[in-house]
Amino acid sequence: MGFNENFATVWEAIADELVDAPALSHGPLTRSWAELDTRAARFAGALAAFGVGAEAKGGLAGYNGPAYTEVTYGAFKARAVPFNVNYRYREAELAYLLDNADCEVVVAHPELVERIEAVRDQVPSIRLLVVVGGETDASPSPEPPDGWVHYERLLADAEPARRIERSGDDLWFLYTGGTTGMPKGVMWPHRSLLGVFAPTWKGLKQPLPTTPVEAAATARRLRDQSAEQRLIPAAPMMHGTSSQLTLGGLSAGAHVITLPSRSFDAARLWATVEDRSASHLCIVGDAFCRPMIAELEAAEAAGTPYNLASLKVVTSSGAMWSSAQKEALLERAPALLIDLLGSSEGNGFGASVARRGRSAGTARFQLGDHAAVFTEDGRRVEPGSGERGMLATGGHLPLGYYKDPVKTAATYPVYEGRRWAVPGDYATVESDNTITLLGRGSVCINTAGEKVFPEEVEEATKSLDWVIDATVVGVPDKKWGSAVTAVVSLGSNTPAGVASPPAGSGTLAASDLLGQVREHVKDQLAAYKAPRHVVVVDAVKRGPNGKADYRWATEIAEVALGHGTSAPSAEPVRSGRP
């Protein structure tokens, strides 16, 4: 795609070409490309009516469904900047995020309205609050609080915005935590993302378009050949994995199919693959693949196996996808399995491809075309040398972090006279350009594709008045990739009803103690950040400067959980984008 293209302009050309072809499906609901374009134009018209214009920031605090794509498209039409809001965030996290983004518009599902309403006074930039009803439920939605408007009513009352000239420099924000501490918005220009999506057309065996007209012609050709992507983003659209693959798919005229369930439902997924003849599927590592395999096995045992003949490609990014789970899937589906190594800060670090008769190892990737491994002083690591370095990718990159030039400079250094994205993953590169991941240079925990910053969990845990100190680490876990684990010391005022094991070198907490810590943390933070294990020690070890000793805490936690002595690196292995 040409460097100066804009998603809205590309999609408008495709909508004009495909018209009545399906663009979005959600449960029994299907919307054509013409309907998608009209609804997006109405949303853009509504933004204009509320005085929301170019470069304004709009947060999507919602679950997967048609509205997520319609709002994104509508914002692009208006040259506004849509961004993801994690629907698991609690009030303090939401207040920080929306304020940091200078948010002017929030679109939220009803379940999230109360949390946003609680912090709206802390974000003075907000001027429009929209609640999305059940897309497949005909029953009337409850009246929203004062100051909110129903999404369907907003569209009905709005005049469709006229088409305008736009720029490939217009932005899309992807908010991430991880290496940045508190969430930061990664600023992606449209032209950079369209450049990143070049493999989409290659995978569809089509030439790379250079204009919107060419993109529309390609979409028509694919439809005429019944070769278009019928894509199910099974992971939440608020994650970079699903959102970016959806943006790329729509730019090739895909039919995007979302699941109505609020949490992942493997049975619903496979039934939808069957019913919609889905060709492409997007997941996040073993956290998704394990229940998917379990459901396939259960259906086989019941004598009602799923028909997966339509499935051509399964893509994963954001968490470990083990070789065993890939092999189990390949036994049942004739698909190409693509395990991508990327991050919110950049794409194309590496990939691992598996198909029937060609297995792929766990956390082992082929270095990307625009990727390299550098030492901390910016020297390129020689393949096969065994030297450890940091993964970097060049090519099409974001501008950096919104309102944070210091972290931008650290994450996007200049090596060899060009700019690179270096999120902090350490690796070695072999002579055949395969890379072995060693772990994250920070203490970020990646659990089922979610990034958890230990300090905020530590502070939440220590706010229990009977917890003296706490250090939070990630330990290997088959289901989650890394499990959030709190290593704590307890005071004499620990409630009598909470059984605490004898401390010492580190003892796994009983379920009642674990339960109290988890519920306390969940009251303050998103549920996925709550510790899945608690290990009790006499005293939490810290360095002379008062900083937490994460290596020690990881060793203690792994021994308590029966994993033996930890590896030299205390950081969890990470295999992809958040």
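**Cavities, pockets and local geometry in the predicted model**

By class, 11 nonpolar and five polar residues line the second largest cavity, with no charged residues in the lining. The model is a predicted one, and the description below begins with this cavity before turning to a pocket, two helices and a few individual residues. The second largest cavity holds about 130 Å³ of space. Its lining is made up of 16 residues, and those closest to the centre are Tyr68, Thr72, Trp172, Ser243 and Leu247. Four elements give two or more residues each to this lining: the helices α3 (66–77) and α10 (240–250), and the strands β4 (81–84) and β8 (171–176). Helix α10 supplies the largest share, with four residues. In total, the model has seven cavities of 30 Å³ or more.

The second largest pocket encloses about 690 Å³. It is lined by 30 residues, of which Tyr87, Arg88, Ser263, Phe264 and Phe288 are the closest to its centre. Two helices, α12 (285–301) and α16 (511–522), are the elements that give two or more residues to the lining of this pocket. The top contributor is α12, with three residues. Sorted by class, the pocket lining comprises 18 nonpolar, five polar and seven charged residues. Charged residues are thus present in the lining of this pocket, whereas the lining of the second largest cavity has none.

Helix α12 deserves a closer look. It has 17 residues and spans 24 Å from its first C-alpha to its last, close to the 24 Å expected at 1.5 Å a residue. Its buried residues are Gly285, Asp286, Ala287, Phe288, Cys289, Met292, Ile293, Leu296 and Ala299. One of them, Phe288, is also among the residues closest to the centre of the second largest pocket. The buried residues of α12 pack against two helices, α11 (266–276) and α13 (323–330), and two strands, β12 (280–283) and β13 (313–316). Just after the helix, Gly303 adopts a positive phi of about 80°.

Cysteines offer a natural next topic. The structure holds zero disulfides. Cys289 is in no disulfide, and the nearest cysteine sulfur, belonging to Cys282, is 13 Å away. Because its relative accessibility is 0%, Cys289 counts as buried. Cys103 has a relative accessible area of 0% as well, so this residue is buried too.

Helix α5 (residues 110–119) has its own set of buried residues, namely Leu112, Val113, Arg115, Ile116 and Val119. These residues pack against α4 (91–100) together with the strands β3 (57–61), β5 (103–108), β6 (128–131) and β7 (148–150). Val119, a member of this helix, has a relative accessibility of 2% and therefore counts as buried. Leaving aside residues up to four places away in sequence, Val119 touches Glu91, Leu94 and Ala95. Between Val119 and Arg90, the separation is 29 residues in sequence and 10.0 Å in space, C-alpha to C-alpha.

Backbone geometry adds some further detail. Most residues other than glycine have a negative phi. Lys205 has a positive phi of about 60° although it is not a glycine. This residue sits in the loop between α8 (198–203) and α9 (212–224), and with a relative accessible area of 73% Lys205 is exposed. Ser226, likewise not a glycine, takes a positive phi of about 55°. Ser226 belongs to the loop between α9 and β10 (230–233).

The last residue considered is His533, part of strand β29 (residues 533–536). Is His533 buried or exposed? Neither label applies, because a relative accessibility of 21% makes His533 partly exposed, the cut-off for buried being under 20%. Not counting residues up to four places away in sequence, the contacts of His533 are Val475, Asp477, Ala483, Val484, Thr485, Ala486, Leu508, Leu514 and Leu561. His533 and Trp552 are separated by 19 residues in sequence and by 16 Å in space, again C-alpha to C-alpha.

Terms used. Residues numbered from 1 in each chain as written. Predicted model: local features only at pLDDT ≥ 70, side-chain atom pairs only at ≥ 80, totals over all residues. Heavy atoms only, no water. 1 Å grid on protein atoms, 1.4 Å probe; cavity = no way out; pocket = protein on both sides within 12 Å on 5 of 7 lines; lining within 4 Å. Points joined across faces, edges and corners; volume = space filled by probe spheres on them. Nonpolar A, V, L, I, M, F, W, Y, C, P; charged D, E, K, R; others polar. Disulfide = S-S within 2.5 Å. Buried < 20%, exposed > 50% of the residue type's maximum accessible area, 1.4 Å probe, protein only. Expected span 1.5 Å × (residues − 1). Contact = heavy atoms within 4.5 Å.
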